[in-house]
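Visitor: I am new to this structure and would like to know what stands behind the words used for it. Please take me through some of them.

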Protein chains: 4
Amino acid sequence: MNFTPRNLTIAYIGGGSRGWAWGMMADLAADPDLAGTVRLFDTDIQAAKDNEAIGNKYSAHPQAKGKWRYVTAPTLEDALKDADFVVVSILPGSFKEMESDVHTPESYGIYQSVGDTVGPGGLLRALRTIPMFEKVAAAIRDHAPEAWVINYTNPMSLCTRTLYAVFPEIKAFGCCHEVFGTKKLLMAMLSDLKGIDVAERDSIKVNVLGINHFTWLDSARYQDIDLFPLYKIFADKYFESGYDTVNREEGFNKYFESAHRVKFDLFRRYGLIAAAGDRHLAEFCPPWYLKNPETVARWKFGLTPVSWRTKDLARRIEKSKALLSGSESISLDRSGEEGVKQMRALLGLGDMVTNVNLPNRGQISNLPLDAVVETNAVLQRDQILPVHAGALPPAIHALVVRHVANQETTLAAAFAKDRELAFRAFANDPLVALDIESARKLFETMLNNTRAYLPGWF
Amino acid sequence: MNFTPRNLTIAYIGGGSRGWAWGMMADLAADPDLAGTVRLFDTDIQAAKDNEAIGNKYSAHPQAKGKWRYVTAPTLEDALKDADFVVVSILPGSFKEMESDVHTPESYGIYQSVGDTVGPGGLLRALRTIPMFEKVAAAIRDHAPEAWVINYTNPMSLCTRTLYAVFPEIKAFGCCHEVFGTKKLLMAMLSDLKGIDVAERDSIKVNVLGINHFTWLDSARYQDIDLFPLYKIFADKYFESGYDTVNREEGFNKYFESAHRVKFDLFRRYGLIAAAGDRHLAEFCPPWYLKNPETVARWKFGLTPVSWRTKDLARRIEKSKALLSGSESISLDRSGEEGVKQMRALLGLGDMVTNVNLPNRGQISNLPLDAVVETNAVLQRDQILPVHAGALPPAIHALVVRHVANQETTLAAAFAKDRELAFRAFANDPLVALDIESARKLFETMLNNTRAYLPGWF
Amino acid sequence: MNFTPRNLTIAYIGGGSRGWAWGMMADLAADPDLAGTVRLFDTDIQAAKDNEAIGNKYSAHPQAKGKWRYVTAPTLEDALKDADFVVVSILPGSFKEMESDVHTPESYGIYQSVGDTVGPGGLLRALRTIPMFEKVAAAIRDHAPEAWVINYTNPMSLCTRTLYAVFPEIKAFGCCHEVFGTKKLLMAMLSDLKGIDVAERDSIKVNVLGINHFTWLDSARYQDIDLFPLYKIFADKYFESGYDTVNREEGFNKYFESAHRVKFDLFRRYGLIAAAGDRHLAEFCPPWYLKNPETVARWKFGLTPVSWRTKDLARRIEKSKALLSGSESISLDRSGEEGVKQMRALLGLGDMVTNVNLPNRGQISNLPLDAVVETNAVLQRDQILPVHAGALPPAIHALVVRHVANQETTLAAAFAKDRELAFRAFANDPLVALDIESARKLFETMLNNTRAYLPGWF
Amino acid sequence: MNFTPRNLTIAYIGGGSRGWAWGMMADLAADPDLAGTVRLFDTDIQAAKDNEAIGNKYSAHPQAKGKWRYVTAPTLEDALKDADFVVVSILPGSFKEMESDVHTPESYGIYQSVGDTVGPGGLLRALRTIPMFEKVAAAIRDHAPEAWVINYTNPMSLCTRTLYAVFPEIKAFGCCHEVFGTKKLLMAMLSDLKGIDVAERDSIKVNVLGINHFTWLDSARYQDIDLFPLYKIFADKYFESGYDTVNREEGFNKYFESAHRVKFDLFRRYGLIAAAGDRHLAEFCPPWYLKNPETVARWKFGLTPVSWRTKDLARRIEKSKALLSGSESISLDRSGEEGVKQMRALLGLGDMVTNVNLPNRGQISNLPLDAVVETNAVLQRDQILPVHAGALPPAIHALVVRHVANQETTLAAAFAKDRELAFRAFANDPLVALDIESARKLFETMLNNTRAYLPGWF
């Protein structure tokens, strides 16, 4: 790794993304201390080339402080060769596969709000993604073993787990903004209950423990205020009505936003603050919140249909064209992600404490070693030290270990392409509240639907 | 403790039982080495007096080798005073309460095959039973601290847990015959697949681990035969049809017997042999097997209605009268329980290895310390050494720890008479697949239904 | 706790100190953001009054940025009442007791280089100190439960352990500069081997694990340089000759400085970098380095005689007078301690990662929970999160757990004033390489020598 | 494995032994239920042939109930081929090597009472033995993978550890009679203090935990008598004088017997009963008992010189000749070992609880997994279930883990033939109270002295 902040190389795997990539471009443009080259690699090479052009427009923007050169890498190896950072943010398969992941189970009465982490959809997605990450990990081992690797791809835990399983010395971690969203809710709470306006998300201090998208806070403070007693009042106040952080009339995306009723319910059930969006949290539980669309509506969160994603992609492709043609101009609005801040810390430009996904070395004392867990960590020059997060309380522990067990089974199944093993994890998912024959039928159907991305399974 | 086998004192708490008591009387009568006094204590004093008379008839039987004197103890203290053994087998409440435990949840779509261990019924029963066991434990501490205490009462884990929580030095363990039933199934399997007739249940050697009624075997051998590969064949052969160990035409009790399809399914799901009756196992799982009566029928086990228990009790009361009047004569048929054998071992009349319920001291390495677990143990003169049973495999571990967490919460709730805490455990039970408002309503109804046995809760 | 940085209250227990107190005064004077009152409490009230006057001179110094008011607190309670921070730095007993701690064992062939942590002297000192800390902890619980408590008193582990044992909710940690000294050695190494001049101690990044004064580094980096391979070269290069960081001719304190040969030897034995002064490290080992004065001389560290401490104190008392009379002027030279920086972090003026002593919550996975261990931690507004430090390697683990076991025994002995228990720990100390009768005699002698500070023991 | 008790095959590795072999022959001759073939393998083939003849004399003895055929196996493979049991009892090297193990350290002031387990001698012996056991393990894997393997060779822990390291599925355990000796002492105590004559060693019930030769009892009972309070009285009564179980005048072997003062001292230090001979126990401690021959004499145990062993061997060779020629007749006196009883249990002829050495699966909860530990276990047909022994108390734990760490380092060093690693373990042994240069010199000398049995090290 080259520690020259003004001459960095970032390999961006999945660099053809329409949307998320532009956020990172904006973040890089905003940083006055960093510069270098971003190598975009994507299986859709035209998408990468488009982003190369768009990226260079970001750098050319008069207000851009960080000047980066964007290039298209023809192969994974070209992208990685001696990179300082590797960013992985890919879609495993197309929306056709995701259509199967999310909607095929509905004919069996299984509803999923996202379908990319756990549940039947998350499992199938994992089976497709793990082999891709096996390749990525091997390529990093061979071409950029010293690079810091930041993964944004879901299923987060299993993607990061795969990287370490294939290349144990990898310097990788997974990033997710769900905890940030919970911090925002706590800021809204302080405003609502106390009239306090918190300026900076980072001034909410939390202890984070759990697994990605099923993450929990067992302490939360703002300055000298313990936020737990407040949250109890808040959860009771808004349990029935829900609490909308957005205006439901305008700008509200009913498929993404929620009224936090699931979070409030989990708090009342277990006493800790669940720290992810309701759509994610619901998928980790028995079908308390996802029994049917009416139940979902009552809990005031959304089922995100893949049709919406397809339309949204079309919109983003239009935007890509507009950015390329210049009919739409570049905006330097920050993404809200922490990737660039983290790179700064890893380069030695200031320590940082934030929540990341890492193999468990004991930072959560009652989850299995090696499973990928989410806790706070200290990012320093060329190292990440996980904060000791303690133990999950027994009732939450029981919910979480079930998923950890399923994830480990899924990993083994994906490595061995073992259908029986994969089905074991599938049938053991809390959302798969089916008799075993129906579960089997659904599993086989979903496997078959996505066989194009399951080489070696048929 | 007096180690004179021919001058023992057994305190039998719940000694008015019609049925189970007679089995113990037969077992005592069959043992040529033991003798002494059995003190019967029961809140139904007439029932105890009846059993006193019946018990003495057992001793008077010409073929009885063990001659015991049966007396009725007017108080718990009288029963316990310097006893050598204490047997606890009580019914917490009447069938009226059990009616509520088992059937009230049905109007919410929750079916329970037994309703005495986990599930909504098991939890309510625990709330009633724990205070009774607090009293029993305190009385043992005060009046028979050196006695060996054998508990047969359900919920087994929580009853035994309460004894140790109140009097940590107690010498208590819990006994249950469910594992024996599984050994019988393995004997039937050997006959079915190999034509081998196994004479003695004890020659099936198993490693037992789990919690009572949700117990698992991770090894099983008969002589030099590993029974696991056979069980795989057996489970596959009879998965569809089920395997009936009894003649369904005659002598078949449809409420108790099963065709082991649940056990076969659990084996196919998880790879270990579940070692309890299907009716019990089903209650620990998500509603895979108990979704509705049709599902139960398809899995070929029975829902035991309390009406049947009521009728059965009437029959047993009739039998009591007949035994007392002499119109029915005493039978010395053995009970199949191991209590008397265990007493022999604890008296130093020969070591014994069998499965018992004890606080976890690490014998199951991935369950919490102090939780009551079921494993093999060595019974020797005045001591029980648990065998190190190892760890539950991850997927089963996840199912089990959820119940352990609920049990610990239930214990704390019962001690503190804390409604919110009790509801937490209730709502977290896998069978309570209800929205939170419905769960609350059901919980309050069941609590109210059984308030006569919940002093201090209202 | 009051989070107004310019209106703080610091209770300084042991505030009559000649020397250490002045360093803290200088550090406070140097910080432009903090101000408030320092309450000095000392059993030697005149010493406290002297420091009140001296402290106010610091504040009056024209270059002082932080302006503090120093007052003498007549009682512990007065000092603590609603304090924001409590600093504890006391001497348990006088040099007369320390004379016994350090030198009485010499007649039994036991040499101690410091005698304040482990070994016979450390144990006796602990017996005197623990009751004092019981009182301090109770007073903090009653008068300043929200204060952050920074302990500097030795034996560090047991003092901090006592605070938590008495008041489990206390917000206390222990600070020690020994790891800083090791960082300086690593800086010297970089200069010696690589010609690199490191400006800031903090740019040496280390993972710290162990117990106070027997602390270890299992990773050390400067920028992208792994310092372990360098340290191997360094340890081999200077193993024979030793490495002097100071000029032995002038300014060298032969009682305090060392040539790091013990550290080099421990590295060659165990593969990790021991991170404390050689004088401390030697006392935790079997008498490899402390067999006799000749051995000590060969290992090039010093035995610090109490006579030197007595002379040094006389010098410091002279200096105190000179400061009071004005014949010596106030110097604003910083102390090198981190206390004021840590206060800043706890006030929310910037996160900080440093090594502290805290009860083990699992941050060292193979040391007992609750024992006080030394690891890195993140200091943030009103909270300290220990970094997960991992496990000690087996051979070092074995050396460390022996002391942890002795410390736990000592704590129990001090609480119960149990002579047999105290002797158990004494006889089990690695330095006490005596036959049991001699050990007993020495123990009784030392106990008797210091009986003035052992109320309730005789 | 063939479960026909009357047609067994035992492979005896080290079958040329003069003495120990004859004890096993007597035990086999005494058992009326077992019969078959014993294949004797020894690198000294003549010794094996002699024992073949002697063994067959045992079988021919008119009072012999068990009739066995003894044959000499020309190779290890011939001995093992499809054996039912494998007994391993070998001497790694000759007395020339043992002379170096035991006596070379004396010139450095290090005295060893046995020199075959830990200490400098134990370590060197381990370096010679481990490669032999690598070969034995591989041969068992290839030729008798189903056999039960009973190891009697020292160093017990490392020999058994090696068998499992090479062939993890091996069915092996280690046996040692030291705990039996402690039971005898407890029997003597009952006679001395209570006038109770205990007929059977097995009626003393103990919980065993630790590592071989450094094994501890944390409970001991005879019938309803707790032996711990008695042992306290006993240890105090005989601490000064020692307790001789033998007549010191006649039949006393001053090199083997002890007066148990070390055991009494350890009890007073730590509160548990150390369960091995004083000669072994002393070697695991710092040089409390082995400082010099005078200290040893005061503690009333013996240093066993190799010259005595040499003379003893000469006597036994004479006896061998006498047995062969018939000038001495066969005696059927039992050996006191449990090997044949254990075989019976493993054949299914009755369960048995006894102490054995097995890899830690958690049966001792605070020792590392896989290390070979000594606890009770249940021996049943074709399986051994370790009893859950609990945790070592902290102070003893610290002493034990140091040796476990050294053993693991020694194993790795022996596998890799890594001199530096071996020296690390050597220098970290509690008896090696030497400066590092002297330690190095001693280590190299001892290595060189025994190079004939250290192929690949030079």
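Visitor: Why does Arg419(B) count as partly exposed?

Guide: This is a predicted model, and the values are computed from it. Arg419(B) has 26% relative accessibility. Buried means under 20% and exposed means over 50%, so Arg419(B) falls in between and counts as partly exposed.

Visitor: What makes Arg419(B) and Glu444(B) a salt bridge?

Guide: Their closest N and O atoms are 2.9 Å apart. The cut-off is 4 Å between a side-chain nitrogen of Lys or Arg and a carboxyl oxygen of Asp or Glu, so the pair qualifies. Arg419(B) belongs to helix 15 of chain B and Glu444(B) to helix 16 of chain B, 25 residues apart. Glu444(B), at 24% relative accessibility, is also called partly exposed.

Visitor: Why is Arg221(A) called buried?

Guide: Its relative accessible area is 18%. Buried means under 20%, so the word applies to Arg221(A).

Visitor: How do you know that Arg221(A) and Asp382(C) join two chains?

Guide: Arg221(A) lies in strand 8 of chain A, while Asp382(C) lies in the loop between strand 12 and strand 13 of chain C, so their pairing runs from one chain to another. The N to O distance is 2.3 Å, and the limit is 4 Å, so this is a salt bridge. Asp382(C) is buried, with 5% relative accessibility.

Visitor: What makes Arg201(A) and Glu338(A) a link between distant parts of the chain?

Guide: The two residues are 137 residues apart. Arg201(A) sits in the loop between helix 7 and strand 7 of chain A, and Glu338(A) in the loop between helix 12 and helix 13 of chain A. Their closest N and O atoms are 3.6 Å apart, and 4 Å is the limit, so they form a salt bridge. Both residues are buried.

Visitor: How do you know that Arg261(B) forms a salt bridge with Glu437(A)?

Guide: The closest N and O atoms are 3.8 Å apart. That is within the 4 Å limit, so the pair counts. Between chain A and chain B the count is two salt bridges, and the whole structure has 110 over all chains.

Visitor: What else describes the contact between chain A and chain B?

Guide: Each chain gives 28 residues. About 2200 Å² is buried between them, 52% of it on carbon and sulfur atoms. Six residue pairs are in polar contact across the interface.

How values were computed
Residues are numbered from 1 along each chain as its sequence is written. Chains are lettered from A and ligands numbered from 1 in the order in which they are written. This is a predicted model: local features need pLDDT of at least 70, side-chain atom pairs count only at pLDDT 80 or more; totals for chains, interfaces and linings use all residues. Side-chain values use heavy atoms; hydrogens and water are left out. Contact means heavy atoms within 4.5 Å. Buried area is the accessible area (1.4 Å probe) that two parts lose on being put together, summed over both. A polar contact is a pair of N or O atoms within 3.5 Å; within protein, one must be able to donate a hydrogen and the other to accept it, and residues adjacent in sequence count only if both atoms are side-chain atoms. Helices (H or I, at least four residues) and strands (E, at least two) are DSSP runs, numbered from the N terminus. Buried means under 20% relative accessible area, exposed over 50%, partly exposed in between (1.4 Å probe, protein chains only).
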